[in-house]
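Me: I am new to this structure and would like a close look at one part of it. Could you choose a good starting place and then lead me outward from there?

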Amino acid sequence: EDVVVDYLILAKLPKNQMVALLVAAEHRLIQERINLVQDAGLEPRSINIDALALIGAFKAVSPHTKGVVALLDIGYRVSKLMVMEDNIPYFSRDIETGEYEITQAISEEMGMDFQLAKEWAYQPRDKIKEINEAIKFVLNSLLDELSLSFGYCERNLEKKVDRLYLSGGGSKVKILTDALGKVPNLEINLWDPTQGFKIVPSQGSKELKEFAPLLAVAIGLAIS
C-alpha cells in the first residue's frame, strides 16, 4: 500500500527474453505531485520521469538511430545523462552540474552580477579566455563525470559511446559545447526535439526553433 510498482518493456530480444525497467515509488510522493497538478486546475493523465521523457522525445525524432549514443540534457541545476544502444536505454544518471553552476562561477570569478554572467555564458564575445578560466573547475567536473560514466558503460555494459546528443539550456552555452567537442572520439550533436512535428507558422516560430533544445523533456512528457 505504501509503494507503487510499475514496469515498462523497453525491448524484446531473441530466445523469449526482454529488456524491462522496473520502477518503485512511495505512494506519498506520487500523491504530492498529483495534488500539485490538481491544485493548478489540471487533471494528470500519466506520470513519468524526465529521463524516460527525454528518451521518448529523442526516439520520436530519431526512431532509427543505430549504435551506442548518449543523451545529455544540461538543465539549470542538474544534467541528465542517458546511454542507449539502438534506442534501447541501458544507463541513466544525474550529474549535479548545470547552467547555474557555470553562470555562478563566471559571476564570482569575474566579479559581475548574475544576469550579466548569464549573458556572457551564452555570448562570451571577446572574453573567451577569461570565461574559460572562470569556469575551469565546473567544466572539468562535468567532463570528469562524463568520462567516468562512459568508462563504466564500456567496462561493465560493453557499450562504447561514440555520439553525444545535447539538449537543455546549457546546450546553448558555447564554451561548454566547444569543450565537449574536444573530447577524443566523441561526435557532438545538438538535436531539435521539435523536428518532425508540424509547427503552425506564426510570429514566434523563429523563437521556438531557437529555444527548441529547452523543450526536450516537456515534449517527451507530452507524447508519453
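Reply: Let's start with Asn 185, which is exposed, at a relative accessible area of 68%. Here, exposed means over 50% relative accessible area, buried means under 20%, and partly exposed is in between, using a 1.4 Å probe and protein chains only. Before going on, please note that this model is predicted, with local features needing pLDDT of at least 70 and side-chain atom pairs counted only at pLDDT 80 or more, while totals for chains, interfaces and linings use all residues. Residues are numbered from 1 along each chain as its sequence is written, and side-chain values use heavy atoms, with hydrogens and water left out.

Asn 185 sits in the loop between helix H7 (174-180) and strand S7. Helices (H or I, at least four residues) and strands (E, at least two) are DSSP runs, numbered from the N terminus. The backbone of Asn 185 has a phi near 55°, a positive value in a residue other than glycine. Most residues other than glycine have a negative phi. Asp 86 is another example, with a positive phi near 50°. Asp 86 belongs to the loop between S4 and S5, and it counts as partly exposed because its relative accessibility is 38%.

Both loops lead into strands of one open sheet, so that is our next stop. The sheet has five strands in the order S5-S4-S3-S6-S7, with mixed pairing; two strands pair if DSSP finds at least two bridges between them. At its edges stand S5 (88-95) and S7 (187-190), and because each has a single partner strand, one side of each is left without a neighbour in the sheet. From one strand to the next, the twist averages 20°.

What is the partner of S7 in the parallel sense? It is S6 (residues 163-167), and the two strands share four bridges. Across this pairing, Leu 166 stands opposite Leu 190 in S7. Helix H6 (residues 136-156) packs on the sheet, where it touches S3 (68-74), S4 (79-85), S5 and S6. The direction of H6 makes about 150° with that of S5; axes are lines fitted to C-alpha atoms, for helices over the stretch in contact, and angles run from 0 to 180 degrees between N-to-C directions.

Now zoom in on Leu 190, in strand S7. Is Leu 190 buried or exposed? At 58% relative accessibility, Leu 190 counts as exposed. Leaving aside neighbours within four places in sequence, Leu 190 is in contact with Leu 166, Ser 171 and Thr 177, where contact means heavy atoms within 4.5 Å. Leu 190 and Tyr 165 are 25 residues apart in sequence, with 5.7 Å from C-alpha to C-alpha.

Tyr 165 takes us to the aromatic rings, as it forms one cluster with Phe 58 and Trp 191. Rings of Phe, Tyr and Trp (its six-membered ring) pair if their centres lie within 6.5 Å; planes under 30 degrees apart count as stacked, over 60 as edge-to-face and the rest as tilted.

Phe 58 falls within helix H2 (residues 50-61), so let's finish there. The axes of H2 and helix H9 (residues 216-223) come within 7 Å and cross at roughly 85°. That makes H2 roughly perpendicular to H9; the label covers 65 to 115 degrees, with under 35 roughly parallel, over 145 roughly antiparallel and the rest oblique. On the H2 side, the contact is made by Asp 50, Ala 53, Leu 54, Gly 56, Ala 57 and Ala 60, and on the H9 side by Ala 216, Val 217, Ile 219, Gly 220, Leu 221 and Ile 223. These residues divide into nine nonpolar, two polar and one charged. In this scheme, Ala, Val, Leu, Ile, Met, Phe, Trp, Tyr, Cys and Pro count as nonpolar, Asp, Glu, Lys and Arg as charged, and the others, Gly among them, as polar.

Leu 221 of H9 makes a good last stop. Not counting residues up to four places away in sequence, Leu 221 touches Asn 48 and Ala 53. Leu 221 and Ala 53 are 168 residues apart along the chain, yet their C-alpha atoms are separated by 5.1 Å. At 40% relative accessibility, Leu 221 counts as partly exposed.
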